[in-house]
Amino acid sequence: NKKNTWAETLTVEELKKNIHAYHIIDVREPEEYTLDHIPGATNIPLGRLIRDESQGIVPKDRLVVIHCKSGLRGSIAVDFLHKRGYTNTKNLDGGFSAWKHTCS
């Protein structure tokens, strides 16, 4: 039973237009992040995000956009955070691949 996942995504165009409004979390592995990343993104690999979320590593007082390479890990992270009570998180539609395609 997938509930409106469309409402939980943000397009690359929306992010670019309003990038300073978002706290960007890159849930890819450090090696992926080091190769290239969205300017200003914080690298918190998915496993660490799930393990350490209770320590306040994801802000609740800002709009948060989460991304991985293509969207799968990002959607897992957003789903996890929604179950933990976050209402301010969205997954970047198409992930970093879409960002690179649009911004290069």
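Which residue forms a salt bridge with Asp 79, and how far apart are the closest N and O atoms? The partner is Lys 83, and the closest N and O atoms of the pair are 2.9 Å apart. This pair is taken up again below, after an account of the overall fold, and everything that follows refers to a predicted model.

**Overall fold**

The protein has 5 helices and 5 strands, and, read along the sequence, these elements follow the pattern β-α-β-α-β-α-β-α-β-α. With 104 residues, a compact globule would have a radius of gyration near 13 Å, and the 12 Å found for the protein agrees with this. The C-alpha trace spans about 35 × 30 × 25 Å along its principal axes. Among contacts between residues at least 6 apart in sequence, 68% join residues at least 24 apart. Of the 104 residues, 43% count as buried, while the accessible surface comes to about 6,000 Å², of which 53% belongs to carbon and sulfur atoms.

**Nonpolar cores and a surface patch**

The largest nonpolar core has 15 residues, of which Ile 25, Val 27, Leu 49, Val 58, Ile 66, Ala 77 and Leu 81 touch the most other members. The elements that give two or more residues to this core are α3 (46–52), β4 (63–67) and α4, and the largest share, 4 residues, comes from α4. One of the core members just named, Ile 66, touches Ile 25, Val 27, Gly 74, Ala 77, Val 78, Leu 81, Lys 90, Asn 91 and Leu 92, when residues up to four places away in sequence are not counted. Apart from this core lies another one, of 14 residues, among them Leu 10, Ile 19, Ala 41 and Leu 92.

Helix α4, which covers residues 72–83, also contains Ile 76. At 38% relative accessibility, Ile 76 counts as partly exposed, and together with Ile 50 and Leu 72 this residue makes a nonpolar surface patch of about 270 Å².

**Salt bridges**

Side chains of opposite charge can pair when their charged atoms come close. The structure holds 7 salt bridges, and the table lists some of them.

| Pair | Closest N to O distance |
|---|---|
| Arg 28 and Asp 26 | 2.8 Å |
| Arg 84 and Glu 53 | 2.7 Å |
| Asp 79 and Lys 83 | 2.9 Å |

In the pair formed by Arg 84 and Glu 53, whose side chains meet at 2.7 Å, Arg 84 lies in the loop between α4 and β5 (89–92) and Glu 53 in the loop between α3 and β4, so the salt bridge ties together parts that are 31 residues apart in sequence. The two partners differ in their burial class, because Arg 84 is partly exposed with a relative accessible area of 43%, whereas Glu 53 is buried, with a value of 6%.

The pair from the opening question has another setting: Asp 79 and Lys 83 both lie in helix α4, 4 residues apart, which is about one turn of the helix. Asp 79 is partly exposed, with a relative accessible area of 31%, and Lys 83 is exposed, with 67%. In addition, salt bridges that share partners join Arg 48, Arg 51 and Asp 52 into one network.

**The surroundings of Asp 26 and Tyr 33**

Is Asp 26, a charged partner of Arg 28, buried or exposed? Both Arg 28 and Asp 26 are buried, and for Asp 26 the relative accessible area is 0%, which is under the 20% that marks a buried residue. Asp 26 has its place in strand β2, residues 22–26. Not counting residues up to four places away in sequence, Asp 26 touches Tyr 33, His 37, Ala 41, Thr 42, Asn 43, Ile 44, Pro 45 and His 67.

One of these contacts, Tyr 33, is found in helix α2, residues 30–35, and counts as buried at 18% relative accessibility. With residues up to four places away again left out, Tyr 33 touches Asp 26, Arg 28, Ala 41, Thr 42 and Asn 43, and thus has contacts with both partners of the salt bridge between Arg 28 and Asp 26. By contrast, the C-alpha atoms of Tyr 33 and Pro 59, which are 26 residues apart along the chain, are separated by 20 Å.

Methods: Residues numbered from 1 in each chain as written. Predicted model: local features only at pLDDT ≥ 70, side-chain atom pairs only at ≥ 80, totals over all residues. Heavy atoms only, no water. Patch = residues over 30% accessible without salt bridge, like charges linked within 9 Å, V, L, I, M, F, W, Y side chains within 5 Å. Areas by Shrake-Rupley, 256 points an atom, 1.4 Å probe, with all protein chains shown as cover. Salt bridge = Lys/Arg side-chain N within 4 Å of Asp/Glu carboxyl O. Buried < 20%, exposed > 50% of the residue type's maximum accessible area, 1.4 Å probe, protein only. Contact = heavy atoms within 4.5 Å. Core = buried A, V, L, I, M, F, W, Y, C linked by side-chain atoms within 4.5 Å. Rg over C-alpha atoms; globule rule 2.2 N^0.38 Å.
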